[in-house]
Amino acid sequence: MKILSDCALAEAAWNADFRGEGHVTIVAIALAESGGDLEAVNDTRGRTDLPPGVVPELSLSPWQINVLVWTAYDPARLVVDAAYAARCAFDVYRAQGCSAWSTYNVGAHLPFVARARVASATNAYWADARALYGLALVRSPAPVLTATIDRLDARLAALRDLLGG
């Protein structure tokens, strides 16, 4: 398991040409599909308990690209190269839109939109700064930002518990 930070997912998606609300949505989809796990695998081949009409899949990467459908992609690379996985996700998005992901279709990505929006905005800011000032060495503050978001989420959960729900 290799969990990518929200900002790392956003950076990979940005570099794959996702922009605007599509960028926010695709980051939220990755969080819903895999929790941001670069090495995520969903292999239902050979299972006998699939509901009738459900086709087996072998889905990989944070974006759970089904390599049984998208056969041009390298399965081994999808689980080790976030940039490659994001480019493959962009191809899928161009072909089918967000409806290619079941988490989008059922709204399971929605709880992750706020986190994705923060990561997207942070990534866009740093991308603009690098472009404007030619700062090739400027790095996104992803680890600090992710840790801050995690602390805020924990405090919000504690406050909800304190208030009874």
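What follows is a chat between a trainee and a mentor about how the terms for this predicted model are earned.

Mentor: Some ground rules first. This is a predicted model, where local features need pLDDT of at least 70, side-chain atom pairs count only at pLDDT 80 or more, and totals for chains, interfaces and linings use all residues. Residues are numbered from 1 along each chain as its sequence is written, and side-chain values use heavy atoms, with hydrogens and water left out.

Trainee: How do you know what counts as a helix or a strand in the chain, and how many of each are there?

Mentor: Both are DSSP runs numbered from the N terminus: helices are H or I with at least four residues, strands are E with at least two. By that rule the chain has 7 helices and 3 strands. Reading from the N terminus, the order is α-α-β-β-β-α-α-α-α-α.

Trainee: Why is α1 called oblique to α2?

Mentor: Two packed helices are described by the angle between their axes and the distance between the axes. Here α1 (residues 6-15) and α2 (residues 20-34) have axes that come within 9 Å and cross at roughly 130°. That makes the pair oblique, because under 35 degrees is roughly parallel, over 145 roughly antiparallel, 65 to 115 roughly perpendicular, and the rest oblique. The axes themselves are lines fitted to C-alpha atoms, for helices over the stretch in contact, and angles run from 0 to 180 degrees between N-to-C directions.

Trainee: Is that crossing left-handed or right-handed?

Mentor: Right-handed. The term is for a near helix turned clockwise from the far one by less than a right angle; anticlockwise would be left-handed.

Trainee: What makes the two helices touch, residue by residue?

Mentor: Contact means heavy atoms within 4.5 Å. On the α1 side you have D6, L9, A10, A13 and W14, and they meet H23, I26, V27, A30 and L31 of α2. These contact residues split into 8 nonpolar, 1 polar and 1 charged. Nonpolar covers Ala, Val, Leu, Ile, Met, Phe, Trp, Tyr, Cys and Pro; charged covers Asp, Glu, Lys and Arg; the others, Gly among them, are polar.

Trainee: Why is α1 described as mostly covered?

Mentor: In α1, 7 of its 10 residues are buried, and buried means under 20% relative accessible area, with exposed over 50% and partly exposed in between (1.4 Å probe, protein chains only). The buried ones are D6, C7, L9, A10, A12, A13 and W14. Right after α1 comes D17, with a positive phi near 90°.

Trainee: What is in contact with F90, and is F90 buried or exposed?

Mentor: F90 sits in helix α4 and is buried, since its relative accessibility is 14%. Setting aside residues up to four places away in sequence, F90 touches A16, D17 and F18. Its C-alpha is 7.9 Å from that of A13, although the two are 77 residues apart along the chain.

Trainee: And why is R87 called partly exposed?

Mentor: R87 is in α4 (residues 82-96), and its 39% relative accessibility puts R87 in the partly exposed class. Leaving out residues up to four places away, R87 touches A16 and R77. The C-alpha atoms of R87 and D17 are separated by 8.0 Å, with their positions 70 residues apart along the chain.

Trainee: What about G20 in α2: why is G20 partly exposed?

Mentor: Its relative accessible area is 45%, so G20 is partly exposed. From G20 to A121 is 101 residues in sequence and 9.4 Å in space, C-alpha to C-alpha.

Trainee: How do you know that L38 is buried?

Mentor: With a relative accessible area of 3%, L38 is buried. L38 lies in the loop between α2 and β1 (41-43), and its contacts beyond four places in sequence include K2, L4, S61, P62 and L78.

Trainee: S61 again! What is notable about its phi?

Mentor: Phi of S61 is near 85°, a positive value in a residue other than glycine. S61 is in the loop between β2 (58-60) and β3 (65-66), and with 0% relative accessible area S61 counts as buried. Q64 belongs to the loop between β2 and β3 too; its phi is positive, near 50°, and at 12% relative accessibility Q64 is buried.

Trainee: How many residues are in the chain, and what share of them is buried?

Mentor: There are 165 residues, and 41% are buried.
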